[in-house]
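Work through the exercises below with the model open. Each task is followed by a solution in steps.

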Amino acid sequence: PEQTAQAIYQDIYDFANYAFNKAHAVSYAVVAYQTAYCKRHYAKEYMAALLSSVLDYSDKVNEYFAECKENGIALLSPDVNHSFAGFTVEEGGIRFGLAAIKGVGRGLISRMAEEREKGGLFSNFRDFCRRMDGMDMNRRAIENLIRAGAFDSMGYKRSQLIQVYERVLSGIAQSNRSNLDGQMDFFGAASASPGREELELPDIPEYSPVERMAMEKETTGLYLSGHPMDAYRDVAKASGAVPIGKIRADFAAESGPSIFSDGQQVILAGVVSSSKTKTTKKNTLMTYATLEDDTGAIEMLCFARCIERYGSYLAEGQAIVAQGRLSVRDEKAPQLMCDFAQPLAEREKLFARSHPQIPTDGKTLYLRMPSMQSPEMEHFRRVIYMFEGQKNPVRIRLADTGKLIGTSCDLHNSLIQEMREKLGDENVVVK
């Protein structure tokens with residue numbers, strides 16, 4: 001009835017005036033404007049403050065790291081001579097905050113900054129240990145600083161410091177005890193002790209890049225010097241893999257997902273960061289694995305048949321390409337119901353043998369699509385995310401209306417191959 005409809009509308013109107021009145025709206029508008037202004041004109045300062053505000057949430061830090069990269073802001077590794085507790089701005093970029101390293105307390109970081117201010121930069125590893133001895137510093141903190149790369153700028157190999165740091169700390173502690181006890185030599189000088197010796201480093205090779213990245217992930221929750229996926233970027237694109245962060249962002253949008261949907265088949269590529277196999281109530285196996293690329297992470301669910309065929313590929317640290325359907329339940333983050341997995345190293349070999357290279361510099365990609373709403377166009381929208389850029393024009397002719405629409409990308413042979421497989425050779429031209 002109209003009277004009921006009017007009454008309901010009046011309730012909505014009254015509530016709207018109360019719940020989000022003009023004063024509230026204006027306040028938000030001012031904050032939004034200030035934030036946008038800071039991000040535009042003081043991008044490094046803004047992102048450093050944003051990163052510092054989420055120090056305890058590695059997923060958020062990872063998300064903002066990716067945004068910094070997209071905007072050309074360099075992320076500088078942690079450094080005992082330059083880092084503070086939070087993320088700070090330097091001429092070269094944003095310096096990683098030491099409070100994000102596990103086992104390194106804010107008390108130690110404050111004393112480190114005070115000691116630098118008072119006595120100058122730490123000249124070497126032994127100088128650091130000597131000056132910081134007794135200042136909330138323990139072996140775990142030192143080891144994690146080494147593993148995170150906080151002494152890399154001093155020219156040491158992480159592998160060398162891991163071998164000697166306990167001996168250095170023990171020598172300094174022994175030397176300090178001797179001085180306190182008044183153990184002086186005949187001429188009044190402190191007696192020789194391991195704490196006064198020069199730092200002797202073993203002649204051993206440095207950890208591999210993959211090992212260093214694993215250390216960084218373990219100590220900070222993040223990959224700092226690179227990402228294990230860096231070596232597989234081309235083969236991931238060639239496989240039509242969708243960035244995980246794009247899926248998460250699409251489902252997190254206030255207006256709801258516009259590109260992906262529940263039940264949709266997708267291909268992902270990443271590193272298995274965790275994996276656990278359990279027995280279900282029906283006495284079958286089920287694996288919960290987390291797949292992570294440099295844009296985000298997603299949980300994969302693998303059932304008995306998938307485990308039987310591909311279970312050996314789901315070990316932690318394995319770089320894989322995975323295929324399955326998206327599952328979104330109860331407003332949780334999307335999951336991947338996996339039905340196929342393959343190591344990216346194997347995929348790379350297959351790709352190298354079967355895909356001849358086509359020169360793409362200065363070329364335009366021409367496509368013919370059935371319509372804007374066709375499955376082919378939907379597939380193109382998902383795949384083009386992997387090739388975002390401005391290097392090459394893309395021109396798309398819609399068969400139903402005859403309209404010509406355009407976009408741009410960083411054209412890659414794998415995109416050309418993917419579209420030829422989807423549309424047919426006659427509908428894909430590069431010239």
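For sorting residues by class, Ala, Val, Leu, Ile, Met, Phe, Trp, Tyr, Cys and Pro count as nonpolar, Asp, Glu, Lys and Arg as charged, and the others, Gly among them, as polar. The model is predicted.

**Exercise 1. Describe the second largest pocket: its volume, its lining and the classes of its lining residues.**

Step 1. The volume of the second largest pocket is about 270 Å³.
Step 2. Its lining has 23 residues, and Phe65, Lys69, Tyr223, Leu224 and Gly226 are nearest the centre.
Step 3. Sorted by class, the lining holds ten nonpolar, six polar and seven charged residues.
Step 4. At least two lining residues come from each of H4, strand S1 (75–76) and S5. H4 contributes the most, four residues.

**Exercise 2. Do the same for the largest pocket, and find which element supplies the largest share of its lining.**

Step 1. The largest pocket holds about 1200 Å³ of space. Its lining numbers 38 residues, with Ala66, Glu70, Gly245, Asp294 and Thr295 closest to the centre.
Step 2. Elements that each give at least two lining residues are helix H4 (58–70), helix H10 (233–238), helix H11 (244–252), strand S5 (285–293) and strand S6 (296–302).
Step 3. The largest share is that of H4, with nine residues.
Step 4. By class, 15 residues of this lining are nonpolar, six are polar and 17 are charged.

**Exercise 3. Classify the packing of H6 against H7, and list the residues in contact.**

Step 1. The axes of helix H6 (residues 125–132) and H7 lie 13 Å apart, at an angle of about 150 degrees.
Step 2. Angles over 145 degrees count as roughly antiparallel, so H6 and H7 are roughly antiparallel to each other.
Step 3. The crossing of H6 and H7 is right-handed.
Step 4. Phe125, Phe128 and Cys129 of H6 touch Ile142, Leu145 and Ile146 of H7. This contact comprises six nonpolar residues, no polar and no charged.

**Exercise 4. Classify the packing of H7 against H9 in the same manner.**

Step 1. Helix H7 (residues 139–148) and helix H9 (residues 209–220) have axes that come within 8 Å and cross at roughly 135 degrees.
Step 2. That angle falls in none of the parallel, antiparallel or perpendicular ranges, and H7 and H9 are therefore oblique to each other.
Step 3. H7 and H9 cross in a left-handed sense.
Step 4. From H7, Asn144, Arg147 and Ala148 meet Met215, Glu216, Thr219 and Thr220 of H9. The contact of H7 with H9 includes two nonpolar, three polar and two charged residues.

Methods: Residues numbered from 1 in each chain as written. Predicted model: local features only at pLDDT ≥ 70, side-chain atom pairs only at ≥ 80, totals over all residues. Heavy atoms only, no water. Axes fitted to C-alpha atoms, helices over the stretch in contact; angles between N-to-C directions. Parallel < 35°, antiparallel > 145°, perpendicular 65-115°, else oblique. Left-handed = near helix turned anticlockwise from the far one by under 90°. Contact = heavy atoms within 4.5 Å. 1 Å grid on protein atoms, 1.4 Å probe; cavity = no way out; pocket = protein on both sides within 12 Å on 5 of 7 lines; lining within 4 Å. Points joined across faces, edges and corners; volume = space filled by probe spheres on them.
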